[in-house]
Amino acid sequence: MRKLKITIPADAALILDTLNKNGHEAYIVGGCVRDSILGRIPQDWDITTSALPEETKALFDRTFDTGIQHGTITVVLHKENYEVTTYRVDGKYADCRHPDAVSFTKNLTEDLLRRDFTMNAIAYHPAEGFRDPFHGQEDIAAKTIRGVGDPALRFQEDALRMLRCVRFAAQLGFAIEPETWAALCANTALIQKISVERIREELEKLWLSPFQEKMPLLWESGLLAQIDPTLSARLIAHSQRILDELSACPKNALLRWCIVLQDYTPAEAKAFLKGLKFDNHTLRRVCLLLEYLPKDVPTEAYPLRKLVSIIGEEATEQLLLLQSILRPASPHRESKALFAKILADGNCLTLKTLEVSGKDLMEIGAPRGKELGSLLGTLLEMVLQEPEKNTKEILTEQARSLLKEKNLQ
Ligand code: ATP
Ligand code: MG
């Protein structure tokens, strides 16, 4: 047994203790054990137990049923959630996605056997130490991702594991063990059975992973070609450049998607993002940034204020950042300095900061509706050109004369 001790949060330890005192086995398991061994901070602390879901529920005040059909109960302690799952054996996977049925077991090894990779199949108990029947600790020490049991069968059971495999390689900087890699390459077509949402989440985690040099496993395996042949061909053609660009980009999923999709027209990107069921905000923003990416951001005050008024401050900032990475020869530095000045000067860039409102204009006789909107637009345009004109007096006067002109016509 290794000497390493894992420091478990007090509440997770309390859950183990409560289950133990009531006659049940309980261990922390999976990602948190793997990450602790690696000296990484675990995102969440999952617990595996011989207790049945109802037995777990009876022992804690605040629980909710997360995936009770799969044996998972969430225990809430001090506003933190802990997933407690009953030892489980997965039945057949007819659809390459979900087991047809799960059954509970009293045997920890059986539960560990259903897990995807040896590094994720280690259990730990503060008093007992590690339970590691598949030698996950050795694989972690050797920085190796190895399927539990027969890797081909494991990928055939649940095709998402192939994407997890590549993602873990890039997150942890691990190599994929040859038999596991061969099984992955041989089964890539099965990824089509996986929901686009789960594919999207894995791809996103991959783009955010620190070991960029592992990302090509996604296309070298043929997995990406099964997900999207066009994207695969484009990434293969420009692999090294795109990897460099990703490493130059902050850890922001939306910006990294823009880098991955940089050669797409906005229309192509829209179709791609719709296909992966992206939320509307991300979809619109990525398309907007791709549309403006080839154009230089203005280096003169009025056109820059105009651009910001159209696309917004956040998008302008993102656009400048992307241009610094993807079009280093563009005048992004100059534009950025000017943009900073515009913001520091507090220039009015939207109707929100215009010194008159629709209500003010109606008080001086502007009609409601479309015309009011166009009047506000004219005033904003004037202020974008001459920011010093953003005072109530000037704008009201201007509005009066515009209204007069209209009435005279
Ligand atoms: P991360 O949270 O960083 O994505 P993780 O390993 O914790 O990594 P989770 O999805 O949180 O991943 O799953 C927790 C554990 O459940 C895993 O460590 C693994 O033991 C098991 N697991 C998760 N997904 C699968 C799967 N598709 N097939 C088999 N076991 C899985
Ligand atoms: Mg996890």
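**Entry 1: α17 against α19**

I started with the place where helices α17 and α19 touch. From α17 I listed A301, L304, R305 and V308, and across from them in α19 I found S335, L338, F339 and I342. Sorted by class, that contact holds 6 nonpolar residues, 1 polar and 1 charged. A reminder to myself: I'm looking at a predicted model.

Then I checked how the two helices lie. Their axes come within 10 Å and cross at roughly 75°. An angle of 65 to 115 degrees counts as roughly perpendicular, so α17 and α19 are roughly perpendicular to each other.

I also noticed a spacing in the α17 list: L304 and V308 both take part in the contact. The helix geometry fits with that, because an α-helix has 3.6 residues a turn and residues three or four places apart point the same way.

**Entry 2: helix α18**

Next I went to α18, which runs over residues 313–326. I counted 14 residues, and the distance from the first C-alpha to the last is 20 Å, close to the 20 Å expected at 1.5 Å a residue.

Which residues of α18 are buried? I wrote down A315, T316, Q318, L319, L320, L322, Q323, I325 and L326. Then I looked for what covers them, and the cover includes α13 (239–248), α14 (253–260), α16 (280–292), α17 (301–311) and α19 (332–344). So the α17 and α19 of my first entry turn up again here, as part of the cover over α18.

**Entry 3: α16 against α18**

I picked α16 out of that cover for a closer look. It packs with α18 at an angle of about 55°, and the axes are 10 Å apart. That angle falls outside the ranges for roughly parallel, roughly antiparallel and roughly perpendicular, so α16 and α18 are oblique to each other. The crossing of α16 past α18 is right-handed.

On the α16 side I found R285, L288, L289 and Y292, and they meet E314, A315, Q318, L319, L322 and Q323 of α18. By class I get 6 nonpolar, 2 polar and 2 charged residues. Q318 and Q323 are in this contact, and both are also in my list of buried α18 residues.

**Entry 4: helix α14**

How many of the residues in α14 are buried? I found 8 of 8, so this helix is mostly covered under the 20% cut-off for buried. They are A253, L254, L255, R256, W257, C258, I259 and V260. I noted that R256 and W257 are both in that buried set.

For neighbours, I found the buried residues of α14 packing against α9 (196–207), α12 (229–237), α13, α15 (266–275), α16 and α18.

**Entry 5: α7 against α9**

Since α9 came up as a neighbour of α14, I followed α9 to its contact with α7 (residues 160–172). The two pack at an angle of about 15°, with axes 9 Å apart. Angles under 35 degrees count as roughly parallel, so that makes α7 roughly parallel to α9. Here the crossing is left-handed.

The α7 residues involved are L160, L163, R164, V166, R167, A170 and Q171, and they meet R198, I199, E202, L203, K205 and L206 of α9. The class count is 7 nonpolar, 1 polar and 5 charged.

**Entry 6: single residues in helices**

T56 sits in helix α3, residues 53–59. Is T56 buried or exposed? Its relative accessibility is 1%, so I put T56 down as buried. Setting aside residues up to four places away in sequence, T56 touches L19, T49, A51, I73, V75 and V84.

L375 belongs to helix α21, residues 370–385. It counts as buried because its relative accessibility is 9%. Beyond its close sequence neighbours, L375 contacts L361, A366, A399, L402 and L403. I checked the A399 pair too: L375 and A399 are 24 residues apart in sequence, but 7.3 Å apart in space, C-alpha to C-alpha.

D17 is in helix α1, residues 10–21. With a relative accessible area of 34%, D17 is partly exposed. I found D17 and P126 to be 109 residues apart in sequence and 9.9 Å apart in space, C-alpha to C-alpha.

**Entry 7: two lysines in loops**

Last, I looked up two backbone angles. K79 isn't a glycine, yet it has a positive phi of about 65°. It lies in the loop between β4 (72–77) and β5 (80–86). At 81% relative accessibility, K79 counts as exposed.

K143 isn't a glycine either, and its phi is positive at about 55°. I placed K143 in the loop between α5 (136–141) and β10 (144–145). Its relative accessibility is 44%, so K143 counts as partly exposed.

Notes: Residues numbered from 1 in each chain as written. Chains lettered and ligands numbered in written order. Predicted model: local features only at pLDDT ≥ 70, side-chain atom pairs only at ≥ 80, totals over all residues. Heavy atoms only, no water. Helix = DSSP H or I, 4+ residues; strand = E, 2+ residues; numbered from the N terminus. Buried < 20%, exposed > 50% of the residue type's maximum accessible area, 1.4 Å probe, protein only. Contact = heavy atoms within 4.5 Å. Expected span 1.5 Å × (residues − 1). Axes fitted to C-alpha atoms, helices over the stretch in contact; angles between N-to-C directions. Parallel < 35°, antiparallel > 145°, perpendicular 65-115°, else oblique. Left-handed = near helix turned anticlockwise from the far one by under 90°. Nonpolar A, V, L, I, M, F, W, Y, C, P; charged D, E, K, R; others polar.
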